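Reader: I am new to this structure and would like a friendly tour. Could you show it to me before we begin?

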Amino acid sequence: MKEQFDTSNCFTIQGKLALPYSYFAGRVGSRFLIRIRDEKKIMGIRCNRCAKVYVPPRQTCDVCMEDIRDNWVDVASEGEVTNFTVVRYRDKHLPKDPPYVLAVIRLDGADTCLAHVVQGVDPAEVRAGLRVRAVFAPETTNTLLDIDHFEPV
Ligand SMILES: [Zn+2]
């Protein structure tokens, strides 16, 4: 046990975490993913009280606390990059080989944003405001990667 610890200082602690888990998409998340998988359409959920459209969809409006789970609306598969970073390291849990752009995208018709990969553009050329569209995956993974990536319009 003692050899697991760097005893040369009191500022660092060496360790490892293994964190296997199953995440349930839930009723709202599953419907969202199924529509992307089967129809190549992206849906959001609108709050009838404040009109905010959530993509990815959620069960409760975070402004009004209304139950909005049944207020499905279609949104565009096109939108704009609002923020981004360039991923430059490889990890088995990451969806693409580096370098790639991981962007925050607001789809037309939505008020909230979705994080996804942008390809087909030099990472140095990506800017907030870049118009992008979804490219759907030919094979399903039953995940948000059924949108394989977004590409510039
Ligand atoms: Zn609301």
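Author: Gladly! One definition will help with the pockets later: helices (H or I, at least four residues) and strands (E, at least two) are DSSP runs, numbered from the N terminus. Please keep in mind that this is a predicted model.

Reader: Thanks! Which residues coordinate the zinc ion?

Author: The donors follow the spacing C-x2-C-x10-C-x2-C along the chain. Each contact is made through an SG atom, at 2.3 to 2.4 Å. The residues that coordinate the zinc ion are Cys-47, Cys-50, Cys-61 and Cys-64.

Reader: What arrangement do the 4 donor atoms make around the zinc ion?

Author: Four donors count as tetrahedral if all angles lie between 85 and 135 degrees. Here the angles that the donor atoms subtend are 105 to 117°, so the arrangement is tetrahedral.

Reader: Are Cys-61 and Cys-64 buried or exposed?

Author: Both of these cysteines are donors to the zinc ion. The cut-off to apply is that buried means under 20% relative accessible area, and exposed means over 50%. By that rule, Cys-61 and Cys-64 are both buried.

Reader: Let's turn to the pockets. Which element supplies the largest share of the lining of the largest pocket?

Author: The largest pocket has a volume of about 500 Å³. Of its 14 lining residues, the closest to the centre are Tyr-23, Ala-25, Leu-33, Thr-143 and Leu-144. Helix H1 (26-39) and strand S6 (114-118) each give at least two residues to this lining. The largest share, 5 residues, comes from H1.

Reader: How many residues in that lining of the largest pocket are nonpolar, polar and charged?

Author: The lining is made up of 14 residues. Sorted by type, they divide into 10 nonpolar, 4 polar and no charged.

Reader: And which element gives the largest share of the lining of the second largest pocket?

Author: This pocket has a volume of about 150 Å³. Its lining includes Tyr-100, Leu-102, Ala-115, His-116 and Val-117, and also Thr-143 and Leu-144. Strand S5 (100-107) and S6 each supply at least two of the lining residues. The largest share, 3 residues, comes from S6.

Reader: How do the residues of the lining of the second largest pocket divide by type?

Author: Among the lining residues are Leu-94, Pro-95 and Leu-145. Taken as a whole, the lining divides into 8 nonpolar, 2 polar and no charged.

Reader: Now for the backbone. Which residue does a cis peptide bond join to Val-55?

Author: The bond has an omega of about 0°. The partner sits in the loop between strand S2 (53-54) and strand S3 (72-75). The residue joined to Val-55 is Pro-56.

Reader: What is omega for the cis peptide bond that joins Pro-98 and Pro-99?

Author: Pro-99 is in the loop between strand S4 (78-87) and S5. For the cis bond between Pro-98 and Pro-99, omega is about -5°.

Reader: Why does Ala-51 count as partly exposed?

Author: Ala-51 lies in the loop between strand S1 (42-46) and S2. Its phi is near 70°, a positive value in a residue other than glycine. Buried means under 20% and exposed over 50%, with partly exposed in between. Ala-51 counts as partly exposed because its relative accessibility is 40%.

Reader: Lastly, what is the relative accessible area of Asn-142?

Author: Asn-142 is found in the loop between strand S7 (131-136) and strand S8 (147-152). Its phi is positive, about 55°, although Asn-142 is not a glycine. Asn-142 is partly exposed, with a relative accessible area of 48%.

Conventions:
Residues numbered from 1 in each chain as written. Predicted model: local features only at pLDDT ≥ 70, side-chain atom pairs only at ≥ 80, totals over all residues. Heavy atoms only, no water. Donors = N, O, S within 2.8 Å, 3.2 Å for Na, K, Ca; no water. Tetrahedral: all angles 85-135°; square planar, octahedral: opposite > 155°, others 65-115°. Buried < 20%, exposed > 50% of the residue type's maximum accessible area, 1.4 Å probe, protein only. 1 Å grid on protein atoms, 1.4 Å probe; cavity = no way out; pocket = protein on both sides within 12 Å on 5 of 7 lines; lining within 4 Å. Points joined across faces, edges and corners; volume = space filled by probe spheres on them. Nonpolar A, V, L, I, M, F, W, Y, C, P; charged D, E, K, R; others polar.
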